[in-house]
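Me: I'd like to go through some labels in a structure with you and see what lies behind each one. Could you take me through the reasoning?

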Amino acid sequence: MNFTAQDLRDAADLVYTQMAPTPQYAWPQLAERFGCEVWIKHENHTPTGAFKVRGAITFIDWLKRAHPDVPGICTATRGNHGQGQARAAKAAGLTAKVYVPRGNSVEKNEAMRAFGAELIEFGDDFDEARLEAVRVADEEGLMIVPPFNEELVRGVATYAYELLTAVPDLDTIYVPIGCGSGICGTILARDALGAKAEVVGVVSENAQTAKLSVEAGELVETDSATTFADGMAVRVPVREAYEIYSKGAARILALSDEDVAEAIRIYYRDIHNLAEGAGAAPLAGLMQERDRMQGKKVGVILCGGNIDTEWFLTVMSGGVPTV
């Protein structure tokens with residue numbers, strides 16, 4: 001999978017038919033805290049509060065052109081992917097059946113329904129919900145929307161295109177890894193634009209499938225993925241994504257839930273922005289590499305702000321949400 005700069009410009013033009021570019025700001029509060037120039041890419045400011053809406057726009061546009069007779073989509077999610085897909089599908093006149101695991105975020109579930117999803121709870125984690133979504137899509141003649149797909153990544157890559165167009169001389173970019181569209185979009189955009197930034201992936205220490213796979217040189221599944229940073233709670237790596245980030249990422253860091261919770265507190269106290277667990281994880285990665293980043297120009301992807309109220313109150317009280 002490769003994109004040219006023109007591919008990204010065309011994808012951005014399509015994305016902008018449904019949303020505005022998100023801002024990137026160099027916050028002096030964070031520069032003082034970390035000893036480097038810190039550019040936050042505010043994907044918490046999209047129409048769904050997360051970056052996934054970009055890939056939904058490009059995927060549904062492709063679907064309408066390539067498969068005009070398909071009546072709707074079916075997919076699995078922990079929340080942000082489902083919101084984006086439901087929103088884009090509804091705008092295109094399609095139905096959207098969305099599977100989530102039992103115990104999923106209450107407020108993300110409500111948001112998906114508001115965007116037009118028919119929401120079904122199934123399984124104990126994302127990967128079980130994903131397998132059921134594939135089965136039902138085939139049974140009902142719906143288009144399965146996988147967590148990783150070239151048409152999705154093309155849209156997702158537009159956030160890195162915006163960031164690197166605005167700040168082309170970044171030294172490092174921190175980005176979380178779930179199924180991989182975010183980090184792969186960032187790597188592909190960097191390469192298309194000829195930028196030199198290192199891309200550093202971050203995962204939860206409780207959901208290390210991407211990190212373990214890169215270290216082993218082959219796909220490694222984990223037995224569980226229990227973290228309140230639900231956007232990174234993946235047990236089974238995606239081969240197509242692995243092929244990109246295993247070669248294009250400089251390194252992958254593992255973070256504790258305590259680290260992620262502290263990053264959420266820093267975002268709110270320093271710059272008064274909400275970050276969900278996966279959204280705050282890249283800042284936690286910078287926290288871990290503070291000494292290494294001294295004096296550098298750093299990009300941090302705040303990929304989503306959709307944190308449930310109770311979890312946010314727990315974090316701001318100094319705790320860590322339990323799942």
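Reply: Gladly; we can talk about aromatic pairs and then cavities, keeping in mind that this is a predicted model.

Me: What makes Phe51 and Tyr159 an aromatic pair, and how do you know which geometry they have?

Reply: Their ring centres are 5.8 Å apart, and the cut-off for a pair is 6.5 Å. The planes stand at 85°, and an angle over 60 degrees counts as edge-to-face, so that is the label for Phe51 and Tyr159. By this rule the count comes to six aromatic pairs.

Me: Where in the chain do Phe51 and Tyr159 sit?

Reply: Phe51 is in the loop between strand S2 (37–42) and helix H3 (52–66), while Tyr159 belongs to helix H7 (residues 150–166). With their positions 108 residues apart, the pair links distant parts of the chain. Both Phe51 and Tyr159 are buried.

Me: Why is the pair of Phe59 and Trp62 called tilted?

Reply: The centres of these two rings are 5.3 Å apart, within the 6.5 Å limit. Their planes meet at 55°, which is neither under 30 degrees nor over 60, so the pair of Phe59 and Trp62 is tilted. Phe59 and Trp62 are three residues apart in helix H3, or about one helical turn.

Me: How do you know whether Phe59 and Trp62 are buried or partly exposed?

Reply: Buried means under 20% relative accessible area. Phe59 has 1%, so Phe59 is buried. Trp62 has 22%, above that cut-off but not over the 50% needed for exposed, so Trp62 counts as partly exposed.

Me: How many cavities does a search of the whole structure find, and what lines the largest?

Reply: There are three cavities of 30 Å³ or more, and the largest holds about 380 Å³ of space. Its lining has 30 residues, with Phe51, Lys52, Gly178, Cys179 and Gly231 nearest the centre of the cavity. Helix H4 (80–91), strand S7 (172–176) and helix H8 (181–193) each supply at least two lining residues, and H8 gives the most, with three. By class, the lining of the largest cavity divides into 16 nonpolar, nine polar and five charged residues.

Me: What makes four residues in the lining of the second largest cavity charged?

Reply: Asp, Glu, Lys and Arg count as charged. The lining of this cavity, which holds about 50 Å³ of space, includes Lys108, Asp230, Glu276 and Asp308, so these are its four charged residues. The rest of the lining is three nonpolar and three polar residues.

Terms used:
Residues are numbered from 1 along each chain as its sequence is written. This is a predicted model: local features need pLDDT of at least 70, side-chain atom pairs count only at pLDDT 80 or more; totals for chains, interfaces and linings use all residues. Side-chain values use heavy atoms; hydrogens and water are left out. Helices (H or I, at least four residues) and strands (E, at least two) are DSSP runs, numbered from the N terminus. Buried means under 20% relative accessible area, exposed over 50%, partly exposed in between (1.4 Å probe, protein chains only). On a 1 Å grid over the protein atoms alone, a cavity is a set of points where a 1.4 Å probe fits but cannot get out, and a pocket is an open set with protein on both sides within 12 Å along at least five of seven lines; lining residues have an atom within 4 Å of a point. Grid points are joined across faces, edges and corners, and a volume is the space filled by probe spheres set on the points.
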